Amino acid sequence: MVSQSTIKKLVEKKASNLPERLREELFEKLIHYSGKYKLKKAEIEAIIDEVVQEYEQALVEPGEAVGTVTAQSIGEPSTQMTLNTFHYAGVAEINVTLGLPRIIEIVDARKNPSTPIMTVYLDEEHRYSSEKAREVAKRIEGTTLESLARSMTLDILNMEFVVDIDPERLEKSGLTMEKIQAKIERSFKSAEIETEGTTIIIRLKKAKNVSTLRRLADKVKKHRLKGLSGVGKTVIRKEGDEYAIYTEGSNFKQVLKVPGVDPRRTKTNNIHEIAQVLGIEAARNAIIEEIVNTMQEQGLEVDVRHIMLVADMMTLDGIVRPIGRHGIVGTKASVLARAAFEITVQHLLQAAERGELDPLNGVVENVLIGQPVPVGTGIVRLAMKLPIKKAVKEE
Amino acid sequence: MTAKKSFTIFDHVLVPEHRVLSEEEKGELLKKYNIKPSQLPQIKTSDPAVQALDAKPGDIIEIKRKSPTAGVYYYYRIVVED
């Protein structure tokens, strides 16, 4: 019988080049089976050797075209995706871009996704009751006069803008008529505001001109009374034993500061916002997570390694770059590779202007020229070892 | 409430551990992989993680990434000016 500590030592010694995850798994399995079959030390050593050998054989070989494999591995399942799917499973009220359009959006690194969404998790205090979750949601949800109004009329005869507030919605939003009046008064100095019950009447102080009134009315309508800018509707959903808030629209920086929000787990689907607030490494993780989730949603499975490669390439320069003409392909060193992709003439002209040189190191340019491609066995170059002269140290 | 005030970006689930390498470690790293600093992936000085660590351009940052395939592995980025 071999003791656990010896097994541990053996694994550490013989399998030191294995990744942590594999080493742990190997150790656990060895313990299990050495207990079951009463393995000898030599047998355990043999097993470890075998595992290490298998691992080394499974590694990617030098010169393997991993990028091409990635492109195909992501591209093929993408053809099976439904072209347009909206609605989250479970959160039917909020529209979400999913499927192929979403993948394209991520890979193109769009500045604003077509349907920005935040998933807001709550802190210990607010997590378990829907009442408290609603409290936090109220702080986040953007409210305008427009969203509270039952009817709005522009009275040209009396030069007034009359807004009739829906008392039910007012109650829900947690605002009062006094608060609304104070808010508008503070933001619009040129206006005179009067409230009567649930009606708000807005007049201009000086200029008696219909077009100015109309312009003011438009501004007042859209003025944010509370909540975060950019955030619209919120939906509360139960996840396991806790409540989480989903928001239409995204304002990641601000939402982390809202009391009641758990800033450690709250997320947005806007990759650029994550890069800005949490840094490039977080953006990389977000890209991986978003792509994996989108694929899973469609019932497709792509090995994470491919997605990790994509995310690594996109974040290589410290900013999120799209894959395509304006991003990764556009920054390729080789003129011919760039010209072979898109906007050929422009690239060639520019290169001629600058006097660029193409050392023909990449794949595309060598295909173009008709030479062996530096991939796989083609990556091997011949080197000659010159007879080494004896060092002339001593005199 | 006290936890809220002390929130730094490194508490977030998406952010892995960052660490600035010392001069010796830098040399070792470059020697191990036989590379020049300019061949490393980059991270901008304006990056929130760099600002939190107060790293200067030219510093190398070690990132302890969690990976679904390998468990834990290290990635390196060089700090560059914006």
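**A friendly tour of a predicted model**

Q: Which word fits L360(A): buried, partly exposed or exposed?
A: In this predicted model, L360(A) has 14 other C-beta atoms within 10 Å. A residue needs 20 or more to be buried and 12 or fewer to be exposed. The count for L360(A) falls in between, so the word is partly exposed.

Q: Where in chain A does L360(A) lie?
A: L360(A) has a positive phi of about 55°, although it is not a glycine. To place L360(A), look at the helices on either side: helix 16 covers 344-354 and helix 17 covers 363-369. L360(A) lies in the loop between helix 16 and helix 17 of chain A.

Q: Is N34(B) buried or exposed?
A: N34(B) is not a glycine either, yet its phi is positive, at about 55°. You can find N34(B) in the loop between helix 2 (23-33) and strand 2 (42-44) of chain B. Exposed means 12 or fewer C-beta neighbours. N34(B) has 7 inside 10 Å, so it counts as exposed.

Q: Which helix gives the most to the largest nonpolar core?
A: Now let's turn to the inside of chain A. The largest nonpolar core has 55 residues, and A283(A) and I287(A) are among those with the most contacts inside it. Both numbers fall in the range 280-297, the stretch of the helix that gives the most, with 8 residues: helix 13 of chain A.

Q: How many residues does the second, separate core have?
A: I140(A) is among the residues with the most contacts inside the largest core, and it touches I245(A), V255(A) and V258(A), among others. The second core is separate and includes F161(A), I180(A), I202(A) and L213(A). Its size is 12 residues.

Q: Which strands are the edge strands of the open sheet?
A: The open sheet in chain A has 4 strands in the order 3-4-6-5, with antiparallel pairing. An edge strand pairs on one side only, so look at the two ends of that order. They are strand 3 (149-155) and strand 5 (191-196).

Q: Which residue is the bridge partner of F161(A)?
A: Strand 4 (residues 160-165) and strand 6 (residues 199-204) of chain A pair in the antiparallel sense over 5 bridges. F161(A) falls within the range of strand 4. Its bridge partner, in strand 6, is I202(A).

Q: Which strands of the sheet does helix 10 of chain A touch?
A: Helix 9 (residues 177-187) packs on the sheet and touches strand 5 and strand 6 of chain A. Helix 10 (residues 210-222) packs on the sheet too, with a direction at about 140° to that of strand 6. Helix 10 touches strand 3, strand 4, strand 5 and strand 6.

How values were computed:
Residues numbered from 1 in each chain as written. Chains lettered and ligands numbered in written order. Predicted model: local features only at pLDDT ≥ 70, side-chain atom pairs only at ≥ 80, totals over all residues. Core = buried A, V, L, I, M, F, W, Y, C linked by C-beta atoms within 7 Å. Contact = placed C-beta atoms within 7 Å. Pairing = 2+ DSSP bridges. Axes fitted to C-alpha atoms, helices over the stretch in contact; angles between N-to-C directions. Lists of a residue's contacts leave out its neighbours within four places in sequence.
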